[in-house]
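Work through the exercises below with the model open beside the text, trying each task before reading its solution.

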Amino acid sequence: MEIAVDKRQNCAILKIKGDVDLYSSPQARSQIIALVNNKQFNLLVDFTDVTYMDSSGVATLVEALQLTNKNKGKLRLYKLRQAIRDVFELSRLDKVFDIYEDEQSALHGI
Amino acid sequence: MNQSVTQEQLIIPANFQYLPAVRNFIARIAAKYRFTKSELNALTISVDEAITNIIKHGYGNILSGSITMNVNVKNDRLVVELIDQGKSFDPNQVGDPNIPHYVQVRKKGGLGIFIIRKFMDDIQYFTADHENTLRLIKLRNNVSLYSPIVPINSLFKRLKEKFQFLTRKATSISLKETGTFL
């Protein structure tokens with residue numbers, strides 16, 4: 001898994017590439033915590049190149065949501081492929097996360 | 001209709017580093033037997049989560065364990081059996097997390113089994129001769145329960161199977177509560 005961070009004026013976009021699983025999710029977690037520690041409380045996650053995500057990846061995003069909420073920030077996810085969207089929808093986590101179709105709509109209002 | 005078409009097998013050491021190999025194995029079978037994307041996705045994440053639990057809870061600190069995975073491709077269902085010799089860990093005994101509460105406190109554990117339950121049609125677990133078998137069953141999508149073109153006898157059969165799963169689960173819980181060993 002690879003993560004590229006694109007810092008904008010009011011937010012940071014995490015572009016994740018590859019599988020987010022038990023092995024790689026700690027790396028994503030460290031990256032998110034580092035951004036929040038640097039007072040970057042609005043986070044967007046670009047799922048375009050995320051090929052797979054398991055429950056450890058979901059748990060990492062839940063932690064990111066808690067961190068951003070606690071700091072009055074926002075966590076937005078976009079461009080989820082259907083297989084990953086199914087995980088969110090079946091577990092009803094789609095009601096908890098802000099999920100967008102594309103970057104433009106995810107950036108709206110940030 | 002319920003005849004086994006074929007069986008594929010993979011044996012892996014009980015180590016997290018083999019999870020990508022398991023996912024690749026499922027992808028290869030899916031291509032070979034033309035699973036739908038939905039079937040592939042359901043099997044991949046369910047098997048991944050189940051193996052993670054076997055390694056974490058079944059084998060714990062035991063590094064020499066192994067897991068045998070049998071995939072039975074049938075006309076109307078996909079059946080995956082995961083066999084291990086670790087500590088018994090029945091996912092049916094784990095309740096569903098309360099999602100809003102889970103998000104608030106991010107309590108560890110429970111989400112993987114919840115995901116398996118959502119993607120699979122039935123989960124069976126049994127232990128015999130120091131060997132645990134977890135059976136994950138996914139009814140195939142090619143005959144839709146809700147499709148108007150489904151013959152009435154097929155529809156009735158599938159409804160009956162769904163009902164039997166629920167009845168078996170309820171009986172199992174009931175007997176466990178009264179201390180009867182199945």
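**Exercises on salt bridges and a buried threonine**

R8(A) is partly exposed, its relative accessibility being 34%, where buried stands for under 20% relative accessible area, exposed for over 50%, and partly exposed for what lies in between (1.4 Å probe, protein chains only). The model is a predicted one, in which local features need pLDDT of at least 70 and side-chain atom pairs count only at pLDDT 80 or more, while totals for chains, interfaces and linings use all residues. Residues are numbered from 1 along each chain as its sequence is written, chains are lettered from A and ligands numbered from 1 in the order in which they are written, and side-chain values use heavy atoms, with hydrogens and water left out.

**Exercise 1.** Determine with which residue D6(A) forms a salt bridge, and place that pair in its network.

*Solution.* Step one is the criterion, a side-chain nitrogen of Lys or Arg within 4 Å of a carboxyl oxygen of Asp or Glu. Step two applies it: D6(A) pairs with R8(A), and their closest N and O atoms are 3.0 Å apart. D6(A) is itself partly exposed, at 26% relative accessibility. Step three turns to K15(A) and E103(A), whose closest N and O atoms are 3.4 Å apart in a salt bridge. This pair links distant parts of the chain, 88 residues apart, with K15(A) in strand β2 (residues 12-20) of chain A and E103(A) in helix α4 (residues 103-107) of chain A; helices (H or I, at least four residues) and strands (E, at least two) are DSSP runs numbered from the N terminus.

**Exercise 2.** Find which parts of chain B the salt bridge between R117(B) and D96(B) ties together.

*Solution.* The side chains of R117(B) and D96(B) meet at 2.4 Å, N to O. Because R117(B) lies in helix α4 (residues 111-119) of chain B and D96(B) in the loop between β3 (77-84) and α3 (99-105), the pair ties together parts that are 21 residues apart in sequence. D96(B) is partly exposed, with a relative accessible area of 45%. To complete the first exercise, salt bridges that share partners join D6(A), R8(A), K15(A), D46(A) and E103(A) into one network.

**Exercise 3.** Decide whether T44(B) is buried or exposed, and describe its surroundings.

*Solution.* T44(B), in helix α2 (residues 37-59) of chain B, is buried, with a relative accessible area of 10%. Leaving aside residues up to four places away in sequence, T44(B) touches Y52(A), R23(B) and I26(B), contact meaning heavy atoms within 4.5 Å. A polar atom of the T44(B) side chain also lies 2.6 Å from the backbone oxygen of L40(B).

Notes: Polar contact = N/O pair within 3.5 Å; in protein donor to acceptor, adjacent residues only side chain to side chain.
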